[in-house]
Amino acid sequence: MALAQAGVDAYNDGDLARMLAALSEDVEVYASPELANAGQYSGHDGFVTWTRAWTEAWEEISAEVTDHTPVGERHVVTTIHQEGRGRGGIEVSMELAFLFEVNDEGLCSYLAMLPTPDEAVRMAEGRERS
């Protein structure tokens, strides 16, 4: 849970180096088709591509952790309340969930952004079984 919180804190601070320090070199990133920036991204370069496309759409954006749910040995589902104002002036307030999979080195090796915590928990349970 500390890794997830540290990642969100680094995101809010706009500190890419701290975000990358929490991720394994071969991190896999998944964003649900129901959300902006949908797709799959690999490695630090993929994460940077994914993150930049998201943050460049916003004039300001912040995320607040509202819940952490451990799932099995390696997974944490973190619920986020995100608020922002887009470059076009539209304000947005939404809830979403991130799934963090932590490897043996204590780094995030898989990161998924999903519309709901329930979807993230189901994905985590499936990944725990594999």
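A residue is classed as buried when its relative accessible area is under 20%, as exposed when that area is over 50%, and as partly exposed in between. In the predicted model described here, Arg18 has a relative accessibility of 36% and therefore falls into the partly exposed class. Arg18 belongs to helix 2, and its side chain meets that of Asp13 in a salt bridge, with a distance of 3.0 Å from N to O. Asp13, for its part, counts as exposed, because its relative accessibility is 54%. When residues up to four places away in sequence are set aside, Arg18 touches Ala6, Asp9 and Ala10 as well as Asp13. The C-alpha atoms of Arg18 and Gly126, by contrast, are separated by 29 Å, the two residues being 108 positions apart along the chain.

The salt bridge between Asp13 and Arg18 belongs to a structure in which a complete search finds seven such pairs. Side chains of opposite charge can pair when their charged atoms come close. Arg74 takes part in a salt bridge with Glu101, for which the N to O distance is 3.8 Å. This pair links distant parts of the chain, since Arg74 lies in the loop between strand 3 (58-71) and strand 4 (75-86), whereas Glu101 lies in strand 5 (residues 91-102), 27 residues apart. The two partners fall into separate accessibility classes: Arg74 is partly exposed, with a relative accessible area of 30%, while Glu101 counts as buried at 9%.

Arg74 also forms a salt bridge with Glu128, where the closest N and O atoms are again 3.8 Å apart. Because Arg74 is in the loop between strand 3 and strand 4 and Glu128 is in helix 4 (residues 117-129), this pair ties together parts of the chain that are 54 residues apart in sequence. Glu128 has a relative accessibility of 23% and so counts as partly exposed. Through salt bridges that share partners, Arg74, Glu101, Arg127 and Glu128 are joined into one network.

The packing of nonpolar residues was examined next. In soluble globular proteins, nonpolar side chains tend to be buried together. The largest nonpolar core of the model comprises 28 residues, of which Val29, Phe47, Trp50, Ile80, Phe98, Leu111 and Met113 touch the most other members. Two or more residues are given to this core by each of helix 1, helix 2, strand 1 (23-31), helix 3, strand 3, strand 5 and strand 6 (108-114), and the largest share, five residues, comes from helix 1. Leu111 illustrates the surroundings of one member: with residues up to four places away in sequence not counted, Leu111 touches Glu28, Val29, Tyr30, Phe47, Trp50, Phe98, Leu99 and Phe100. Apart from the largest core lies another, of ten residues, among them Val71, Ala97, Tyr110 and Ala112.

Empty space within the model was considered in two forms, enclosed and open. The structure holds one cavity of 30 Å³ or more, and the space in the largest cavity amounts to about 340 Å³. Its lining consists of 20 residues, and those nearest the centre of the cavity are Tyr11, Phe47, Trp50, Phe98 and Leu111. At least two lining residues are supplied by each of helix 1, helix 3, strand 4, strand 5 and strand 6. By class, this lining is made up of 16 nonpolar and four polar residues, with no charged residues.

The largest pocket contains about 170 Å³ of space. Its lining is formed by Tyr11, Asn12, Asp13, Gly14, Leu16, Met19, Val48, Thr51, Arg52, Thr55 and Ile61, which divide into five nonpolar, four polar and two charged residues. Helix 1 (2-13), helix 2 (16-21) and helix 3 each supply at least two residues of this lining, and helix 3 gives the most, with four. Tyr11 appears both in the lining of the pocket and among the residues nearest the centre of the cavity.

Thr55, one of the residues lining the pocket, is found in helix 3 (residues 43-55). Thr55 counts as partly exposed because its relative accessibility is 27%. Leaving aside neighbours within four places in sequence, Thr55 is in contact with Tyr11 and Arg87. The C-alpha atoms of Thr55 and Pro117, which are 62 residues apart along the chain, are separated by 22 Å.

Methods: Residues numbered from 1 in each chain as written. Predicted model: local features only at pLDDT ≥ 70, side-chain atom pairs only at ≥ 80, totals over all residues. Heavy atoms only, no water. Buried < 20%, exposed > 50% of the residue type's maximum accessible area, 1.4 Å probe, protein only. Contact = heavy atoms within 4.5 Å. 1 Å grid on protein atoms, 1.4 Å probe; cavity = no way out; pocket = protein on both sides within 12 Å on 5 of 7 lines; lining within 4 Å. Points joined across faces, edges and corners; volume = space filled by probe spheres on them. Nonpolar A, V, L, I, M, F, W, Y, C, P; charged D, E, K, R; others polar. Salt bridge = Lys/Arg side-chain N within 4 Å of Asp/Glu carboxyl O. Core = buried A, V, L, I, M, F, W, Y, C linked by side-chain atoms within 4.5 Å.
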